[in-house]
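Here is a short tour to read with the model open beside you. Take a moment to find the sheet before moving on.

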Amino acid sequence: MTTTQLPLPPGVRGSVTPAFRPAAESFGKLVTRGRGGGALAARVRGETVLDLCTGWSDRAHTRPWTPETLALSFSTTKGVASAVI
């Protein structure tokens, strides 16, 4: 799989393989409609098939979200814990 510079949804930066273009479109619709930002990366058999980011890392919209931006993640272990229990 080769990652190419396909046109991405407005406001989304990064790269995506042709087969994962629908995932990039969904990511753009989901994350760009709210405040903040986000990033999404996916690998298949060791190859990066999509690597995207969008939005802002601050409320003043002066710092764009980058792949290195840290994000808070609350309650992410509840599903795993309930499956284990």
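In which sense do strand 1 and strand 3 pair, and over how many bridges? Strand 1 and strand 3, the latter spanning residues 47-55, run antiparallel to each other and are joined over five bridges. Please keep in mind that this is a predicted model.

**The sheet**

Strand 1 and strand 3 belong to an open sheet of three strands, arranged in the order 1-3-2 with antiparallel pairing. Strand 1 (12-16) and strand 2 (37-44) have a single partner strand each, so they stand at the edges, and one side of each has no neighbour in the sheet. Averaged over neighbouring strands and ignoring direction, the turn of one strand against the next is 5 degrees. On the other pairing, strand 2 meets strand 3 in the antiparallel sense over eight bridges. As a reminder, strands of a sheet pair through backbone hydrogen bonds, either parallel or antiparallel.

If you would like to trace the pairing residue by residue, here are some bridges to look for.

| Residue | Bridge partner in strand 3 |
|---|---|
| Arg13 | Cys53 |
| Ser15 | Asp51 |
| Ala42 | Leu50 |

**The helix on the sheet**

Which strands does helix 1 touch? Helix 1, residues 21-31, packs on the sheet and touches strand 1, strand 2 and strand 3. The direction of helix 1 makes about 20 degrees with that of strand 3.

**Two residues with positive phi**

Now for the loops. Strand 2 and strand 3 form a hairpin with two residues between the strands. Arg45 lies in this loop between strand 2 and strand 3, and its phi is near 50 degrees, a positive value in a residue other than glycine. Is Arg45 buried or exposed? Arg45 has a relative accessible area of 80%, so it counts as exposed, the cut-off being over 50%.

His61 also has a positive phi without being glycine, here near 60 degrees. You will find His61 in the loop between strand 3 and helix 2 (78-84). The relative accessibility of His61 is 42%, which means that it counts as partly exposed; that class covers values between the 20% limit for buried and the 50% limit for exposed.

To look back over the sheet, strand 3 sits between the other two in the order 1-3-2, with five bridges to strand 1 and eight to strand 2.

Technical notes:
Residues are numbered from 1 along each chain as its sequence is written. This is a predicted model: local features need pLDDT of at least 70, side-chain atom pairs count only at pLDDT 80 or more; totals for chains, interfaces and linings use all residues. Side-chain values use heavy atoms; hydrogens and water are left out. Two strands pair if DSSP finds at least two bridges between them. Helices (H or I, at least four residues) and strands (E, at least two) are DSSP runs, numbered from the N terminus. Axes are lines fitted to C-alpha atoms, for helices over the stretch in contact, and angles run from 0 to 180 degrees between N-to-C directions. Contact means heavy atoms within 4.5 Å. Buried means under 20% relative accessible area, exposed over 50%, partly exposed in between (1.4 Å probe, protein chains only).
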